[in-house]
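Subject: Handing over a structure

Hi there,

Here is the structure I promised to pass on to you. Please open it alongside this email and follow along as you read.

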Amino acid sequence: WGSSTTPNNNIINLSLLKKRIIMKKVLLLLLLVSLGLQTQAQITTNADTVCASAIGEQYFVTNTPGSTYQWNVGGASGAVLQSNGTNATTIDWGSISGLYSDAVTVTETSAGGCPGEPVTLDVFILSPTANNIGPFCSGNPLTTLTGNPVGGTWSGTGVTGNNFNPNIGQGNYILTYNVGGCTTTINVIVNNGPITGPIQHF
């Protein structure tokens, strides 16, 4: 009995194994197709960064002759769309910083009147800030400059790296903090101390 049933069992097991392999391949193919469809539907690009209150920022998509384009801005407070109808537009941004999802949307309509899928763009409005310092007396020690968000650079008279040196003398100095191409400024006052004459005896 053992020798007569083993081949049949092997054939059955091999058949089941083949079916399972085929089913796994089919499931994998369906999964890949599903992922491919999801990838095609993913139309939001990486977030764009603009400075707060930026004026005349230009955006565009590849032009298709005969198509028209409907642009919209949404979510970003104070944003104003300056042009519409073509494959390019100009936007004036508001002053409130933050990340705005789907801030820019464009929908293309073909020459035959068929609309395409909307294409969106997330926008991060960057508004750097800086901590005020001073007033100083000439001769005071170096003072650390702090800007937010971190990672920017300082410039201006008396600036060395991220420090301000009051030894530059009396004056009102404008220091600039630049991060991501966006800037903010602070005013720093340095005063001279009195010049006291020699002690004299009446």
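Below is what turned up, starting with the aromatic rings and ending with a small sheet.

Please keep in mind that this is a predicted model, where local features need pLDDT of at least 70, side-chain atom pairs count only at pLDDT 80 or more, and totals for chains, interfaces and linings use all residues. Residues are numbered from 1 along each chain as its sequence is written, and side-chain values use heavy atoms, with hydrogens and water left out.

Rings of Phe, Tyr and Trp (its six-membered ring) pair if their centres lie within 6.5 Å; planes under 30 degrees apart are stacked, over 60 edge-to-face, and the rest tilted. That rule gives 4 aromatic pairs. In one of them, Tyr 59 and Trp 93 meet edge-to-face, 6.3 Å centre to centre with 85° between the planes. Tyr 59 sits in strand β2 and Trp 93 in the loop between β5 and β6, so this pair links parts 34 residues apart in sequence. (Strands are DSSP runs of E, at least two residues, numbered from the N terminus.) Both Tyr 59 and Trp 93 are buried, meaning under 20% relative accessible area (1.4 Å probe, protein chains only).

Trp 154 and Tyr 177 form a tilted pair, at 5.1 Å and 40°. Trp 154 is buried at 9%, and Tyr 177 at 2%.

Now the sheet: it is open, with 3 strands in the order β2-β5-β4 and antiparallel pairing; strands pair if DSSP finds at least two bridges between them. β2 and β4 stand at the edges, so one side of each has no neighbour in the sheet.

Happy exploring!

Terms used: Helices (H or I, at least four residues) and strands (E, at least two) are DSSP runs, numbered from the N terminus. Buried means under 20% relative accessible area, exposed over 50%, partly exposed in between (1.4 Å probe, protein chains only).
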